[in-house]
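Student: Could we go through this model together, asking each time what a label rests on?

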Amino acid sequence: VAQSERPGETAPTSAYSSPARSLGDTGITPLSPSHIVNDTDSNVSEQQAFLVVVAIDFGTTSSGYAYSFTKEPECIHVMRRWEGGDPGVSNQKTPTTILLTPERKFHSFGYAARDFYHDLDPNEAKQWLYLEKFKMKLHTTGDLTMDTDLTAANGKKVKALEIFAYALQYFKEQALKELSDQAGSEFENSDVRWVITVPAIWKQPAKQFMRQAAYQAGLVSPENSEQLIIALEPEAASIYCRKLRLHQMIELSSKAAVNGYSGSDTVGAGFTQAKEHIRRNRQSRTFLVENVIGEIWSELEEGDKYVVVDSGGGTVDLTVHQIRLPEGHLKELYKATGGPYGSLGVDYEFEKLLYKIFGEDFIEQFKIKRPAAWVDLMIAFESRKRAAAPDRTNPLNITLPFSFIDYYKKFRGHSVEHALRKSNVDFVKWSSQGMLRMSPDAMNALFKPTIDSIIEHLRDLFQKPEVSTVKFLFLVGGFAEAPLLQQAVQAAFGDQCRIIIPQDVGLTILKGAVLFGLDPAVIKVRRSPLTYGVGVLNRYVEGKHPPEKLLVKDGTRWCTDVFDKFISADQSVALGELVKRSYTPAKPSQLVIVINIYSSEHDNVSFITDPGVKKCGTLRLDLTGTSGTAVPARREIQTLMQFGDTEIKATAIDIATSKSVKVGIDFLNY
């Protein structure tokens, strides 16, 4: 055996090296019986006084911020208008695009980044680093770390953490500048409570990554971590939906007429009709959130369930909430599900269509050689994409940039027009004005795969017993503006529940995040996305434990690598809830113990070596220094896990000496 066996150890080495074995003499064993204590009084956190809450909605395709002064919580100010902007796209938010100089220093963000990049000479542009839609990388990277790379439009790599930090720093500066202008004096960062929204389906490492980026951007310091709340996008939406008044929404269900419009009129038309009453002050747009529960909400009773479907640029997030009266607290009923079915899927289908007509080799080459023109083409597509509607009959024209037409001729030796004639793509023609002319059917076909995925996902969700009898479905997020998606949701679920779209659907999350920052206690119960536990030694039981886990120490037979469960995936966890377990050193003479914390997406985990189990924290406790006091024969080490907003803290306490160590669960560095 390669591993040098200590005398007295007869256990065979398992296929992979056992973590507990290599630890030698630092193991722990549970003190029976293990118990869970809910300390309800322990989660009263001392509230720090902030003057303002600023929420940042860092989206896949567009981003923005909004704020509210704690003295005037009924007014939510959405950031001042941004320079730039596209025809046919309301610019309450700015595109999530970032430009770095050839020396990799931050240059600009949003429309400014896009326009500057666009105006660069093509040869110079190749040196600059332009990034867009990079947030998706956090969802799609399985093994996200602090070193994960992103690829800029010119093919060069940059650290994701740096890009996210630059973006957050930019928002911090913009918001503080606007607040200082409003207040007429310098606004201090310490007066701000920051809220950043993330998709609920993001895995823990991605949520932690966002917090790390905020530390690096100087939004808050790790010592004042509670100055920043990481909020889940659908929860934020849900909080805002509670406040909706009838004139601030559109109901799609066929069941009832809203404001005198029947269901069929409201799709599309409703958005223009029921304009929200807006108080304008200098440059910002202010929304009044009346301090009442909205009419829809007042129809909800204790125990009623509703689904929030948050469909954005990158992902679709489905969350089911249940009302708990009297305060109307929210309880998450079913753990968030969803997937990468955002409006980017439509862009991707458009790309595939271009492949089909012009050849994948050409399109990929064009992207690298003429990155700014490619961005132009996608902007042109974006505004036509927003014009798609179920009942549209006239074609949609997409302007091809001159350099596309020119480069294609050089590349292929024949014209774009020839390519279109030759390709057998239905419904796409060449118009004499130099445009791609798409029939409405062709455009609708680009939406189909993404919308089908969303509907299918919702169907699965509605099959779950916890989700039967849902009363309302709130459709929120930027993609919810798409009439094709509205129609599909309405057709599939209009007879099962009432479908509600808030007026400013693209800003719903932003406004809800501000409300959440003003009153973080509104969400009371979440579902744990993972199973957590620690690695322990148990007494070896013949026939029950696998022989390769046997470890004999000082005549005692131990089973190593046992996963002692703290909480299961999908178990409800109240905010601030403490789960306690007591352990004792496996060997009374130990001078140090190491408690390793593990997580898994599966429920039934027996050993820390099971597939899918990942280490996410370590507590080292020094047991020396009892200075002559009699140490009890069975020394109790208490381990606590506290479940916070998106973070989990673990503590180990040596009861004999009151020594303790704390650690935040870490998904990025193991």
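Tutor: The questions below take up confidence, two helix pairs and a sheet, in a model that is predicted.

Student: How do you know that confidence varies along the chain?

Tutor: The chain has a mean pLDDT of 77, and 78% of its residues reach 70 or more. Over residues 1–17, however, pLDDT stays under 50, and the model has 20 contacts there beyond four places in sequence. Residues 33–46 are also below 50, with 19 contacts beyond near neighbours in sequence.

Student: Why is α11 called oblique to α13?

Tutor: The axes of α11 (residues 360–369) and α13 (residues 402–412) come within 11 Å and cross at roughly 125°. Angles of 65 to 115 degrees count as roughly perpendicular and those over 145 as roughly antiparallel; the crossing at roughly 125° therefore falls in neither class, and α11 is oblique to α13. The crossing is, moreover, right-handed.

Student: Which residues of α11 and α13 meet, and what makes some of them count as nonpolar?

Tutor: From α11 come D361, F362, I363, Q365, F366 and K369, and these meet S403, F404, Y407, Y408, F411 and R412 in α13. By class, the contact has seven nonpolar, two polar and three charged residues, and because Phe, Ile and Tyr are counted as nonpolar, residues such as F362, I363 and Y407 belong to that class.

Student: What makes α10 oblique to α12?

Tutor: Helix α10 (residues 344–358) and helix α12 (residues 371–385) have axes that come within 11 Å and cross at roughly 120°. Since roughly perpendicular ends at 115 degrees and roughly antiparallel begins over 145, α10 is oblique to α12. The crossing of α10 and α12 is right-handed, and its contact is made by V346, D347, F350, E351 and L354 of α10 with W374, L377, M378, F381, E382 and K385 of α12. By class, these are seven nonpolar, no polar and four charged residues.

Student: Why are β19 and β20 said to stand at the edges of their sheet?

Tutor: The open sheet has three strands in the order β19-β21-β20, with antiparallel pairing. Each of β19 (396–399) and β20 (428–431) has a single partner strand, so one side of each is left without a neighbour in the sheet. The twist from one strand to the next averages 30°.

Student: How do you know that β19 and β21 are paired?

Tutor: Pairing requires at least two bridges, and four bridges join β19 to β21 (residues 435–438), the two strands running antiparallel; β19 and β21 therefore meet the criterion. Within this pair, T399 stands opposite M435 in β21.

Note on methods: Residues are numbered from 1 along each chain as its sequence is written. This is a predicted model: local features need pLDDT of at least 70, side-chain atom pairs count only at pLDDT 80 or more; totals for chains, interfaces and linings use all residues. Side-chain values use heavy atoms; hydrogens and water are left out. Axes are lines fitted to C-alpha atoms, for helices over the stretch in contact, and angles run from 0 to 180 degrees between N-to-C directions. Angles under 35 degrees count as roughly parallel, over 145 as roughly antiparallel, 65 to 115 as roughly perpendicular and the rest as oblique. A crossing is left-handed if the near helix is turned anticlockwise from the far one by less than a right angle, and right-handed if clockwise. Contact means heavy atoms within 4.5 Å. pLDDT is the predictor's confidence in each residue, from 0 to 100.
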